[in-house]
Amino acid sequence: YVWSGKYPDNRSPQIQSLTIDGKKATESIYVQPGRYHTFKADVTDPDGDLLTFRYEILPESTDIKVGGDADSRPEAENLKTRDTLTPGVLEFRAPRRPGPYRIFIYVYDGNGNAGVGNVPFYVGGAD
């Protein structure tokens with residue numbers, strides 16, 4: 001759109017908001033180790049395409065680079081979930097090891113387009 005002034009024929013899914021247990025990323029989210037928590041993504045698709053979702057939890061990276069150098073990707077945690085039958089809503093079990101993590105969501109529209117988002121959270125601590 002920026003270069004042509006018009007949108008492509010099929011647009012990517014749009015992530016409107018992401019929460020864990022109703023809290024936004026800016027609210028310093030703390031969760032209890034090994035307990036289930038609710039991740040919710042409000043997602044729309046401008047074309048009304050059928051959407052599919054994929055999730056993963058990664059520990060926060062400790063390989064922080066500067067100047068545009070790529071960080072190494074941490075290994076994903078074993079994601080244990082309970083099905084909610086609601087698109088964009090996932091009940092996930094928090095990792096047992098305390099520390100900082102992120103839950104990622106990947107939303108696909110079946111036409112080669114995707115939306116990606118994540119929410120940081122901390123296992124243990126204030127909760």
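**Exercise 1. Decide whether tyrosine 101 is buried or exposed, and find its ring partner.**

Step 1. Tyrosine 101 has a relative accessible area of 1%, so it counts as buried. The cut-offs, with a 1.4 Å probe and protein chains only, are under 20% for buried, over 50% for exposed, and in between for partly exposed. A quick word on where this comes from: the model is predicted, local features need pLDDT of at least 70, side-chain atom pairs count only at pLDDT 80 or more, and totals for chains, interfaces and linings use all residues. Residues are numbered from 1 along each chain as its sequence is written, and side-chain values use heavy atoms, with hydrogens and water left out.

Step 2. Now for the rings. Rings of Phe, Tyr and Trp (its six-membered ring) pair if their centres lie within 6.5 Å; planes under 30 degrees apart are stacked, over 60 edge-to-face, and the rest tilted. The structure holds 6 aromatic pairs. In one of them, tyrosine 101 is stacked with phenylalanine 121, at 5.8 Å centre to centre and 20° between the planes.

Step 3. Tyrosine 101 sits in strand β7 and phenylalanine 121 in strand β8, 20 residues apart, so the pair links distant parts of the chain. Strands here are DSSP runs (E, at least two residues), numbered from the N terminus. Phenylalanine 121 is buried too, at 3% relative accessible area.

Step 4. Add Phe92, and ring pairs join Phe92, Tyr101 and Phe121 into a cluster.

**Exercise 2. Work out which way the side chains of strand β3 point, and put β3 into its sheet.**

Step 1. Walk along β3 (residues 36–44) and watch the side chains alternate. His37, Phe39, Ala41 and Val43 point to one face and are buried. Tyr36, Thr38, Lys40, Asp42 and Thr44 point to the other face and are not buried.

Step 2. Look for neighbours, remembering that two strands pair if DSSP finds at least two bridges between them. Strand β1 (residues 14–20) runs antiparallel to β3, with 6 bridges. Strand β6 (residues 89–93) is also antiparallel to β3, joined by 5 bridges.

Step 3. Check lysine 40: its bridge partners include threonine 19 and, in β6, valine 89.

Step 4. Put it together: 4 strands form an open antiparallel sheet in the order β1-β3-β6-β5. β1 and β5 (81–82) have a single partner strand each, so one side of each has no neighbour in the sheet.

**Exercise 3. Find which residues touch the most other members of the largest nonpolar core.**

Step 1. Get the idea first: in soluble globular proteins, nonpolar side chains tend to be buried together. A nonpolar core is a set of buried Ala, Val, Leu, Ile, Met, Phe, Trp, Tyr and Cys residues joined through side-chain atoms within 4.5 Å.

Step 2. The largest core has 20 residues, and Ile20, Phe39, Phe92, Ile103 and Phe121 touch the most other members. Two or more residues come from each of β1, β3, β4 (52–59), β6, β7 (99–108) and β8 (114–123). The largest share, 4 residues, is from β7.

Step 3. Zoom in on phenylalanine 92. Leaving out residues up to four places away in sequence, its contacts (heavy atoms within 4.5 Å) include Ile20, Phe39, Ile57, Ile103 and Phe121.
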